[in-house]
Amino acid sequence: SRAVTVSKALSLLLRHAAEKEGLKIDAQGYANVADVLSWRKLKSLKVTFPEILDAVTNSDKKRFALLYAPTNPSTPTAEKEKECTESPATKDETTTAALSASTTDSTPTHYLIRATQGHSIKSVEAAHLLERLTLEEKEKLPRTVVHGTYHSAWPAIVASGGLRCMGRNQVHFATGPGVEEVLGGLGEGMEGEKGKVISGMRRDAQVLVYVDLERALKAGCPFWRSENGVILSEGMGSGDGGEEKMVPLEFVDVVVERKLGMGKIWERGQVVQQWPSEWAQGRRNPKGRGIGVRREA
């Protein structure tokens, strides 16, 4: 549909292509809506301001946030940025306020838009965009932190020793489903997942990697929460500064295979049951795209 086309184009621009395309984007991930509408792809589609508002309002995973900034349309003021970085609830209110303002002010230059997570643009800083999770506020920690992946990717994850960002700024995690829920529904395969919206994980994920969040935080591995509820981590290095960061397997509590109904295949560093050798030969996920290739999620 056209709405999906517009949403995917916005995700591409605001998560990955802004700098390459010459779009001014700040450290908080914000770009002026007027500049976004002038981007060649959206311009060729003749996308309108109401369609931008529709993408923000109707995104099933709350992929976009909107900020009303009529006094300084180029960048958010320090005061407004402080308001929209206090908490996820406040950030939701900021978008709600902007959508409300749009009923009386339809001037695109008065609005700023950003993707809520999923960035590969290095100039977008997590501290400005996300809420940091800490052991000092345990009551705010999610009970479940799970990364969804595919059969063909799991052997590579084991071989590398952890979860890598694969081109994005952070590894993405969801806050459900829980282990017991997945194990209890193994007889149903993945049919029950159709139609479900899970922010932070694709619904067709075959292998679910559950992380012990408190253990990871104690070891100094950073975790964040986006305003649409996705948990993210850039991982940690080995200490010598020469290796790519990752979320090490030592923080993985359990791994569950759900498509074939295998259940637990890994638990606290030990192989519970061996996965098929052909997984290591697979090069693509079920959608026909290479591992690590970005899709709108």
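Asp212, Asp253 and Arg268 are linked in a network of salt bridges, where a salt bridge is a side-chain nitrogen of Lys or Arg within 4 Å of a carboxyl oxygen of Asp or Glu. Before going on, I should say that this is a predicted model, in which local features need pLDDT of at least 70 and side-chain atom pairs count only at pLDDT 80 or more, while totals for chains, interfaces and linings use all residues. Residues are numbered from 1 along each chain as its sequence is written, and side-chain values use heavy atoms, with hydrogens and water left out.

By that rule the count comes to 11 salt bridges, and I will take three further pairs. Arg63 forms one with Asp60, the closest N and O atoms being 3.0 Å apart. Here Arg63 counts as buried, at 9% relative accessibility, and Asp60 as partly exposed, at 41%; buried means under 20% relative accessible area, exposed over 50%, and partly exposed in between, with a 1.4 Å probe and protein chains only. The side chains of Arg164 and Glu244 meet in a salt bridge at 3.2 Å, N to O. This pair links distant parts of the chain, 80 residues apart, with Arg164 in the loop between strand 6 (162-163) and strand 7 and Glu244 in the loop between strand 10 and strand 11 (247-248). For helices and strands I am using DSSP runs, numbered from the N terminus, with H or I over at least four residues for a helix and E over at least two for a strand.

The third pair is Glu131 with Arg225, whose closest N and O atoms are 3.1 Å apart. Glu131 lies in strand 4 and Arg225 in strand 9, so the pair ties together parts that are 94 residues apart in sequence, and both residues are buried.

What is the order of the strands in the open sheet of 4 strands? The order is 4-9-10-7, with antiparallel pairing, and two strands are said to pair if DSSP finds at least two bridges between them. Strand 4 (131-132) and strand 7 (171-173) stand at the edges, each with a single partner strand, so one side of each is left without a neighbour in the sheet. Strand 9 (residues 224-225) pairs with strand 10 (residues 231-233) over 2 bridges, and the bridge partner of Arg225 in strand 10 is Ile231.

Both of those residues come up again around Leu133, which sits in the loop between strand 4 and strand 5 and is buried, with a relative accessible area of 3%. Leaving aside neighbours within four places in sequence, Leu133 is in contact, meaning heavy atoms within 4.5 Å, with residues including Phe223, Trp224, Arg225 and Ile231. The C-alpha atoms of Leu133 and Phe223 are separated by 5.6 Å, although their positions lie 90 residues apart along the chain.

Finally, strand 8 (residues 207-211) has 5 of its 5 residues buried. Val207, Val209 and Val211 are on one side and Leu208 and Tyr210 on the other, so to speak of its faces, both are covered. Strand 8 pairs in the antiparallel sense with strand 5 (residues 146-149) over 4 bridges, and with strand 12 (residues 252-257) over 5 bridges, again antiparallel. Leu208 stands opposite Gly148, and also opposite Val256 in strand 12.
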